[in-house]
Every structure is written in C-alpha cells, then in structure tokens.
Amino acid sequence: MNLCVLASGSGSNLKAIINAQKSGKITSKVVLVISNNSASGALNTAKQNRIPHYHLSGKQFKTEAEFNKKFLSLLKRFKIDLIILAGYMKMINPAIIKIYKNRILNIHPALLPAFGGKGMYGIYIHEAVLKSGADVSGATVHLVNEHYDKGPVVLQKKIKIKKGEDAESLRKKILRVEHKLYPEAIKLFESKKVLVKNNKVYFN
Ligand code: GRF
C-alpha cells in the first residue's frame, strides 16, 4: 500500500513507520508526507529519507475548498491507499473522509473511548488520566470518521500506570508503545480485509 502520513509535531511515529518499512515489518511504503506546520520534524524526516513532502496549511488558501482540492490532488497523484494521521492537529474535511472511507487511521495516546474528544491532546490527555486515578492507560489506533476520536478501534495496547508516574513519563512510555502499535495496525490493513459494522472493525 502507498501511505500518506500527516503530522504536525515531532514526527516520531512517522520515523517508526519508516523503520518498520526498512526492516520489512510492513510492506507498505510512505510515499507522501504532509504537514500543516513548516517546522514539523516530520518534514525533516521525510527530506532525510527522500520522501516527497509538502507543507500544506489552510492559511495558504483562500477557502477550505481550495485547500481540499490541493490535498486531494496530492493523494491522487501519489496513489494513496491509506492515510496515516500521526499527531496531525487538524480535522480532516468530511468530504475527504467520505472519499477515503475506512482508509484513514489515527493514533491516540489513551484508551479510547476514554480520554478522547475536545481538549484531549498532548500532555493534557496524560494529566487527565492521572487525575482520574486510573491504573491503566495506553494507545489506540482507530479509523477516522466524521466524529472526532469516535471512529472504530483497530488496535489497542494497555500499559499499567506505576505509582509516582507523572504526565511526562506516561507520555514517553505510551509513545514507545505507539511506535510498535502503528506498524502492527498497518500490517493488519496489508494482510486482511477490513469490514466495519456498527462502529466495530472486523478483519477477515
Ligand atoms: C502521539 O502521541 C500521537 O498519539 C498523538 O500525537 C503524538 C504525535 O507524536 N496523536 P509524534 O509527532 O509522532 O512524535
């Protein structure tokens, strides 16, 4: 499969996916990287790996429709099969979600449906988890639908929260989990047929 990775931040998940590709853990290839943030580490990683990369931000376009047109033309030009959101801080337009139905994945550093939705991003997620007194957290890969953080779960991995854990140590621990989980989820899409029924994912 041809993958397009969308990222806004450091891009460590992009690195993990490229490494999984290099080591043969997945057969898919990252052929396109897009970031809304010109300073994103993901654009640098793409450059170092000679992967076509674009800084694409809504601010560069007069209307959202123009932005979507450019975005879609890139997805078509690079024959993208699967879109991978890896710390992408922008909502995907519903029209694009429709075209790439069940072919957009996101990773979230908590056990969805818990600790998802509005305001649940970055360190805030881990702070909320710790404040709740939960003794587990983890990472979730899910399909993206038009409801934020509500798409059906593809894979989830739990970790135990140790006594004295702080939000930053939890963030780092979960990020390491994410780096394994995302390639595993991509592998599932490579090897199985994906079926979605009643907001649940089934692999055949
Ligand atoms: C990850 O924790 C991911 O779950 C969240 O954003 C973070 C991105 O990290 N959606 P990175 O840019 O891949 O290092």
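**View 1. Domain 1 and domain 2 sit with their C-alpha centres 20 Å apart.** This is a predicted model. From domain 1, 17 residues enter the contact, and domain 2 adds 12 residues. Domain 1 spans 1-100 of the protein chain. Domain 2 is assembled from two segments, 107-140 and 147-204.

**View 2. About 1200 Å² is buried between domain 1 and domain 2.** Carbon and sulfur atoms carry 69% of that area. On the domain 1 side, Met1, Asn13 and Ile26 stand out: together they supply 31% of the area that domain 1 buries against domain 2. No other three residues supply more. The size of an interface is often expressed in this way, as accessible area lost when the parts come together.

**View 3. Polar contacts, but 0 salt bridges, link domain 1 and domain 2.** The polar contacts involve 5 residue pairs, with both residues at pLDDT 80 or more. Which elements give two or more residues to the side of domain 1 that touches domain 2? They are helix 1 (12-22) and strand 4 (82-85). Helix 1 gives the largest share, 5 residues. By class, this side of domain 1 has 12 nonpolar, 4 polar and 1 charged residues.

**View 4. Residues of both domain ranges surround the ligand.** Gly9, Ser10, Gly11, Ser12, Asn13 and Gly87 are among the residues around the ligand, and these numbers fall in domain 1 (1-100). Ile107, His108, Pro109, Leu175 and Glu178 are also around the ligand; their numbers fall in domain 2 (107-140 + 147-204). Asn13 thus appears here as well as among the residues named for buried area in domain 1.

**View 5. Ligand oxygen atoms lie by polar atoms of Gly11, Asn13 and Glu178.** A polar backbone atom of Gly11 is 2.7 Å from an oxygen atom of the ligand. For Asn13, a backbone N or O atom lies 2.8 Å from a ligand oxygen atom. Glu178 uses its side chain instead: a polar atom there lies 2.7 Å from an oxygen atom of the ligand.

**View 6. The peptide bond from Leu112 to Pro113 is cis.** Its omega is near 10 degrees. Pro113 is placed in the loop between strand 5 (104-108) and helix 5 (123-132). Most peptide bonds are trans.

**View 7. Arg50 has a positive phi.** The value is about 55 degrees, although Arg50 is not a glycine. Arg50 is found in the loop that runs between helix 2 (41-48) and strand 3 (53-55). Most residues other than glycine have a negative phi.

Technical notes
Residues are numbered from 1 along each chain as its sequence is written. This is a predicted model: local features need pLDDT of at least 70, side-chain atom pairs count only at pLDDT 80 or more; totals for chains, interfaces and linings use all residues. Side-chain values use heavy atoms; hydrogens and water are left out. Domain bounds come from an automatic or database domain assignment. Contact means heavy atoms within 4.5 Å. Buried area is the accessible area (1.4 Å probe) that two parts lose on being put together, summed over both. A salt bridge is a side-chain nitrogen of Lys or Arg within 4 Å of a carboxyl oxygen of Asp or Glu. A polar contact is a pair of N or O atoms within 3.5 Å; within protein, one must be able to donate a hydrogen and the other to accept it, and residues adjacent in sequence count only if both atoms are side-chain atoms. Helices (H or I, at least four residues) and strands (E, at least two) are DSSP runs, numbered from the N terminus. Ala, Val, Leu, Ile, Met, Phe, Trp, Tyr, Cys and Pro count as nonpolar, Asp, Glu, Lys and Arg as charged, and the others, Gly among them, as polar. A residue is near a molecule or strand if one of its heavy atoms lies within 4 Å of it.
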